[in-house]
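The following note is offered to a colleague who has the sequence and the coordinates at hand. The points are numbered for ease of reply.

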Amino acid sequence: MNLPDTPAAATPHPLVRTLGAVLWPSFFAAAAMASGMFAFWDPLELQRIGFPSLSLSRGQGYTLGFFCLWLGTVCACGVTALLLRPSRAVEEPYE
């Protein structure tokens, strides 16, 4: 309940709401996928197979893998947010 002398909470900007709607689910999905992926594969083994000349620690492999998965899920959630935007109203139908 708002008291008469306190201003009401401002609603967040639509861009902030969209970023929150894209970044939070993508973070959660990337965390779940990273947990599943690294339960079966060791980052050091993946590094030896894919990038033998690159020297990474196990922690760096987990971090790099998580951020790559997060980037992929951000792209997927971003496209979903783009497709869910309302379309512009057509002024006159084609005749």
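1. In which helix is Leu-19 found? Leu-19 is found in helix α1. The model under review is a predicted one, and the remarks below should be read accordingly. At 44% relative accessibility, Leu-19 counts as partly exposed. The C-alpha atoms of Leu-19 and Gly-78 are 8.6 Å apart in space, although 59 residues separate the two in sequence.

2. On the overall fold, the secondary structure comes to 3 helices and 0 strands. Along the sequence, the protein reads as the pattern α-α-α. Of the 95 residues in the protein, 14% are buried.

3. A nonpolar patch on the surface deserves mention. The patch is formed by Leu-15, Leu-19 and Leu-23, which together have about 270 Å² of accessible area. Leu-23 is found in helix α1, which spans residues 14–40. With a relative accessible area of 37%, Leu-23 is partly exposed, because the partly exposed class runs between the limits of 20% and 50%. Leu-19, at 44%, is likewise counted as partly exposed.

4. How many salt bridges does the structure hold? The structure holds 2 salt bridges. In one of them, the side chains of Arg-58 and Asp-42 meet at 2.8 Å, N to O. Arg-58 lies in helix α3 (residues 58–84) and Asp-42 in the loop between α1 and α2 (43–50), so this pair ties together parts that are 16 residues apart in sequence. Both partners retain some accessibility: Arg-58 is partly exposed at 39%, and Asp-42 is partly exposed at 24%.

5. A salt bridge also joins Glu-45 and Arg-48, whose closest N and O atoms are 2.4 Å apart. Here both residues lie in helix α2, with a spacing of 3 residues, about one turn of the helix. Glu-45 has a relative accessible area of 40% and is partly exposed. Arg-48 is also partly exposed, with a relative accessible area of 47%.

6. The aromatic residues form a further topic. The count comes to 9 aromatic pairs. Among them, Trp-24 and Phe-28 form a tilted pair, with 6.4 Å from centre to centre and 35° between the planes. The pair counts as tilted because its angle falls between the limits of 30 and 60 degrees. Trp-24 and Phe-28 both lie in helix α1, 4 residues apart, which is about one turn of the helix. Trp-24 counts as exposed at 55% relative accessibility, and Phe-28 counts as exposed at 55% as well.

7. Why is the pair of Phe-66 and Trp-70 tilted? The ring centres of Phe-66 and Trp-70 are 5.7 Å apart and the planes stand at 40°, so the pair is tilted. Phe-66 and Trp-70 are 4 residues apart in helix α3, a separation of about one helical turn. Phe-66 is buried, with a relative accessible area of 16%. One aromatic cluster is formed by Trp-24, Phe-27, Phe-28, Phe-66, Phe-67 and Trp-70. The cluster therefore includes residues of helix α1, such as Trp-24 and Phe-28, and residues of helix α3, such as Phe-66 and Trp-70.

8. The largest pocket has a volume of about 200 Å³. Its lining consists of Met-37, Phe-38, Pro-43, Leu-46, Gln-47, Phe-51, Leu-56, Gly-61, Leu-64, Gly-65 and Cys-68. Which elements give two or more residues to this lining? They are α1, α2 and α3. The largest share of the lining, 4 residues, comes from α3.

9. One of the lining residues, Pro-43, merits a separate remark. Pro-43 is found in helix α2. With a relative accessible area of 7%, Pro-43 is buried, because the limit for the buried class is under 20%. Pro-43 and Ser-57 are 14 residues apart along the chain, and their C-alpha atoms are separated by 8.3 Å.

Terms used:
Residues numbered from 1 in each chain as written. Predicted model: local features only at pLDDT ≥ 70, side-chain atom pairs only at ≥ 80, totals over all residues. Heavy atoms only, no water. Patch = residues over 30% accessible without salt bridge, like charges linked within 9 Å, V, L, I, M, F, W, Y side chains within 5 Å. Areas by Shrake-Rupley, 256 points an atom, 1.4 Å probe, with all protein chains shown as cover. Salt bridge = Lys/Arg side-chain N within 4 Å of Asp/Glu carboxyl O. Buried < 20%, exposed > 50% of the residue type's maximum accessible area, 1.4 Å probe, protein only. Phe/Tyr/Trp six-rings, centres within 6.5 Å; stacked < 30°, edge-to-face > 60°. 1 Å grid on protein atoms, 1.4 Å probe; cavity = no way out; pocket = protein on both sides within 12 Å on 5 of 7 lines; lining within 4 Å. Points joined across faces, edges and corners; volume = space filled by probe spheres on them.
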